[in-house]
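I opened a fresh page to write down what I looked up, one stop at a time. Feel free to follow along with the viewer open.

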Amino acid sequence: MSDAAGEAPREASVDVIQRELTAFARRARAAAARVHPELPLVSYTLLAHIEDQRGCRATDLAAHYLLDKSTVSRQLAGLEKMGLVERRPAPDDHRVQVLHPTEAGLAVLATAQTNRRAAYQERLKDWSGEDLARFADYLLRYNAAGSAGLPDAT
């Protein structure tokens, strides 16, 4: 089989993957809006990352998610206004501000996590353990590639 003959099925598969990941992202945004209507998916993701890291700087968020600093700043301002995030001086350098979820932020995350887990359990209830493990491995592999090959967000 020549390379050209193998390219058509590969391109078709990549097209399906792109379409399905786009649909997944749209559903994720809609689900996030149902969990907390005032909390956009980007803000929720940042809040979850701050909690997962047990605090981090705004520059860490921008670097991790490949977002512009101004985008992160706007999202954080909204989270602070809603009382979900607070800034604290870093223990080793009081000039540096570290972001932490507030009690209200932790409560929003706990509710969202419970709702999300239930939704995924329902959606994946007919999948075998082997299929789930394979899917998880593929997602880890895909996300480990980072932004390789993707167009710049600018």
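My entries below go from model confidence to a helix pair and then to single residues.

**Entry 1: confidence**

I began with how far to trust the coordinates, since this is a predicted model. The protein has an average pLDDT of 88, and 90% of its residues score at least 70. Where is confidence lowest, and where is it highest? Helix H1, residues 3-35, is at the bottom with a mean of 83. Strand S1, residues 85-90, is at the top with 95.

**Entry 2: H2 against H5**

Next I looked at two helices, H2 (residues 41-52) and H5 (residues 103-123). In general, a packed pair is described by the angle between the axes and by the distance between them. Here the axes come within 10 Å and cross at roughly 105°. An angle of 65 to 115 degrees counts as roughly perpendicular, so H2 is roughly perpendicular to H5.

I then listed who makes the contact. From H2 I noted Tyr44, Leu47, Ala48 and Glu51. From H5 I noted Gly105, Leu106, Leu109, Ala112, Gln113 and Arg116. By type, the contact residues of H2 with H5 divide into six nonpolar, two polar and two charged.

**Entry 3: the loop after H2**

I moved on to the loop between H2 and helix H3 (58-65), where arginine 54 lies. Its phi is positive, about 60°, although arginine 54 is not a glycine. Is arginine 54 buried or exposed? Arginine 54 has 66% relative accessibility, so it counts as exposed.

Glycine 55 lies in the loop between H2 and H3 too. With a relative accessible area of 15%, glycine 55 falls under the 20% limit and is therefore buried. Leaving out residues up to four places away in sequence, glycine 55 touches Ile50, Val98, Leu99 and His100. I checked the pair with histidine 100: 45 residues apart in sequence, yet 4.8 Å from C-alpha to C-alpha.

**Entry 4: strand S2 and just after**

Histidine 100 belongs to strand S2. What is its relative accessible area? The value for histidine 100 is 15%, so this residue is buried. Apart from neighbours within four places in sequence, histidine 100 is in contact with Ile50, Arg54, Gly55, Leu84, Val85, Glu86 and Arg88. Both loop residues from my previous entry, Arg54 and Gly55, are among them.

Aspartate 93 is also found in S2, which covers residues 93-101. At 22% relative accessible area, aspartate 93 is partly exposed. Its side chain makes a polar contact, at 3.0 Å, with the side chain of arginine 95.

Threonine 102 comes in the loop between S2 and H5. I found threonine 102 buried, because its relative accessibility is 13% and the cut-off for buried is under 20%. Which residues does threonine 102 contact, leaving aside its neighbours within four places in sequence? They are Gly83, Leu84, Val85 and Glu86. Leu84, Val85 and Glu86 are also among the contacts of histidine 100.

**Entry 5: leucine 66**

I went on to the loop between H3 and helix H4 (69-81), where leucine 66 is found. Leucine 66 has a positive phi of about 55°, although it is not a glycine. Its relative accessible area is 54%, and exposed means over 50%, so leucine 66 is exposed.

**Entry 6: arginine 134**

My last stop was helix H6, residues 129-144, where arginine 134 lies. Arginine 134 counts as partly exposed, at 34% relative accessibility. How many residues along the chain separate arginine 134 from glutamate 20? I noted 114, with 17 Å between their C-alpha atoms.

Technical notes
Residues are numbered from 1 along each chain as its sequence is written. This is a predicted model: local features need pLDDT of at least 70, side-chain atom pairs count only at pLDDT 80 or more; totals for chains, interfaces and linings use all residues. Side-chain values use heavy atoms; hydrogens and water are left out. pLDDT is the predictor's confidence in each residue, from 0 to 100. Helices (H or I, at least four residues) and strands (E, at least two) are DSSP runs, numbered from the N terminus. Axes are lines fitted to C-alpha atoms, for helices over the stretch in contact, and angles run from 0 to 180 degrees between N-to-C directions. Angles under 35 degrees count as roughly parallel, over 145 as roughly antiparallel, 65 to 115 as roughly perpendicular and the rest as oblique. Contact means heavy atoms within 4.5 Å. Ala, Val, Leu, Ile, Met, Phe, Trp, Tyr, Cys and Pro count as nonpolar, Asp, Glu, Lys and Arg as charged, and the others, Gly among them, as polar. Buried means under 20% relative accessible area, exposed over 50%, partly exposed in between (1.4 Å probe, protein chains only). A polar contact is a pair of N or O atoms within 3.5 Å; within protein, one must be able to donate a hydrogen and the other to accept it, and residues adjacent in sequence count only if both atoms are side-chain atoms.
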